[in-house]
Structure formats: C-alpha cells, structure tokens
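Work through the exercises below with the structure open beside you, and try each task before reading its solution.

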Amino acid sequence: MNMNEQYMMRAIELAKLGEGMTRPNPPVGAVLVQDDKIIAEGWHKKAGGDHAERDCLKSAIGDLKSAILYVTLEPCSTQGRTPPCTDLILEKGIGRVVVCVEDLNPKHAGRGLDILRDAGVEVITGICEEAGRELIAPFEKFITTEMPYVTLKLASTLDGRIADSEGNSKWITGPEARERVQEMRRRADAVMVGAATIIADDPSLLPRPAEGRHPWRVVIGETILSNAKILTDDAAEQTLVRTGALKEILKELAGHDVMHVLCEGGGKLAASFVEEGLVDEFAFFIAPKLMGADGIPNYAKRGGLISDVKNLKFQSVEQLGEDVLIKAKVEK
C-alpha cells in the first residue's frame, strides 16, 4: 500500500464514524497531510453540520500550498445547508486534492473537481476506489434511484434454521456475531423485521449502545400486540408498521431520507425480498450448529426448483468467535 492509499484508508476510517448519522448525506472523511504528516482530520458528523472537508480544514492555518487534502468523496460545489467545500479549499490555498470517488449526485457529478482544476489545484481521483464505493453504496443507490439500499441479515444454523420448531432463537449465534449485528444497526437508517419476529421476541431493534443513532424501526405485517416495545418505548415515534408491496414501502422509507435498510428477516420476509429482487447485499451469520427439519428456515420459499435457484456471489468470509459471517450479492 503506497502513501496515497494509506492516507485515503485513514479518511475512510474517519468517514465510517459518521455512518448512520448523516442521512440524506453520505458518510465522508478527510485528512490533511503536509510534509508526510497528518496535520488535520475530520468527518461529516450529521446532516446540516460541517462537511468532512470543512471539519478538517477549520483548524488548518499557515501556508498550505504544499499540503494534500485526502477526501473520500468529491468536494461539494453548491450551496446547501452548508457552503461549498470547493470554496474553502481554494480559500485555504490547498495545492493538491486526492479524491477516492467522484460524486454521482447530478448536482455535483465532477463539477467540484473541474472547479478545483480550473483554479490550478492538482486533482487526483480513484485512490482506494473500491473501498470508497462500498462506503457510499447506500447513498449512491439512493441518489441515483430514489430507493434505499437493502442489506438482508440472517443468523442461522449450518442447516439454515433461524429458530426451533417452537420459535425459539436465543441464541443461535454467539456474542461476537451479535455485537457485529449491533454495529450493522448503527450503520443503518432503518431496521426492518416481519411481524412474527416482534410476536416471538418482542425486540427493541435499536442498536446497543446507540451512540447517537436513531434508526427507523419498520415492521411488515399487522398482527403485533399494542404493548410491544417498538410501540411503547421512548423511540416509538420512529416506528412504522406497514403491509402491502415491499417496493412501495421502500419508496416510502426513501421519503423519510432512509438510504440504508437492514432487514433482519424472518424467513418469509427474506424470501419475499429475494424473490422481488430487492436485496442489494446479504449478510449470513452462520453458527456451527444443526437443528433439523422442524426448525424455521432462513429462506422460507416453497416449491423451488433447481432451475430457478438464486445464484449468489460471495464477497467475503469472516470468523466471528465460533461463527462465520458470509457477505454475498446476487450474481448478475
């Protein structure tokens, strides 16, 4: 990994600190380097607050012509709730800007880079682009399709069971896997489950600890008790109970600036999402356990034939304690 990549990966680390806090903006990180040393850092902490570049540069002083600004996303060039970041970069006299990915927002879409180049700033793009694209995948889908990015998370035994024949599921996976799920909730703008999950477990669906995150909680189905936690706790106003077409529900969520939905099943809801082609990313938490045929399946489609199987492509495999996390996407 060369120096450009090292500094950009640090900017990506900073950007991740804002995940789940920035909707409808993307998470962005920035690092200012001079004489091969980091002299300032910043990230976008919440919508309406300073963008990453401004958060980074507000404390930078002196002659910055030899300084390099590393930023995970193309600097904005339009006046919104905050001033254009390109103006501040030029005001500070930054000599070089290194960008991970260009902004697909039609309002920007390369305009910020052109402004910087026209003003004599050296601009380099595409550093750690794959990691940068992954970072802003929910924003990218949201801004180009007006639909949320959907991660389908399923925790199951090795034979694909998410609960036993009586509906008990605590605990199939171990503490390390469950902690990772809390991290995923903190990154999401909405956490979704089927009504059967609420009836069986009465979960709060809130990340623990929340660390300032307030995701929407979405239940698909009608038959939940009026005293369920999601309807009676301090975050009840962040709860939606819906029935009907999943695609229309996702469109409604986009209207609430939801960019990233974490769907946690169960099996019937998971099957509906898959069959309707609404899943962008799968997260399978697999425990080294066998439950048997009477257990509740993680993918409750019936009548499937080998000719219609959904082909997935593994993206990564990670050990979490005794369990394994497999990330996958539908093979195009």
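**Exercise 1.** Determine how the residues of the lining of the largest pocket divide into nonpolar, polar and charged.

*Solution.* Begin with the classes: Ala, Val, Leu, Ile, Met, Phe, Trp, Tyr, Cys and Pro count as nonpolar, Asp, Glu, Lys and Arg as charged, and the others, Gly among them, as polar. Sorted in this way, the lining comprises 19 nonpolar, 6 polar and 24 charged residues. The model is predicted, with local features needing pLDDT of at least 70 and side-chain atom pairs pLDDT 80 or more, whereas totals for chains, interfaces and linings use all residues. Residues are numbered from 1 along each chain as its sequence is written, and side-chain values use heavy atoms, without hydrogens and water.

**Exercise 2.** Find which residues of helix H4 are buried (under 20% relative accessible area), and establish how they are placed around the axis.

*Solution.* First, within helix H4 (residues 111-118; helices are DSSP runs of H or I, at least four residues, and strands runs of E, at least two), the buried residues are Gly-112, Leu-113 and Leu-116. Next, because they cover an arc of only 100° around the axis (taken from the directions from the helix axis to the C-beta atoms), they lie on the same side of H4. In general, an α-helix has 3.6 residues a turn, so residues three or four places apart point the same way. Then follow the contacts (heavy atoms within 4.5 Å): the buried residues of H4 pack against helix H3 (85-92), strand E4 (96-101) and strand E5 (122-125). Finally, just after H4, Gly-120 adopts a positive phi of about 95°.

Methods. Buried < 20%, exposed > 50% of the residue type's maximum accessible area, 1.4 Å probe, protein only.
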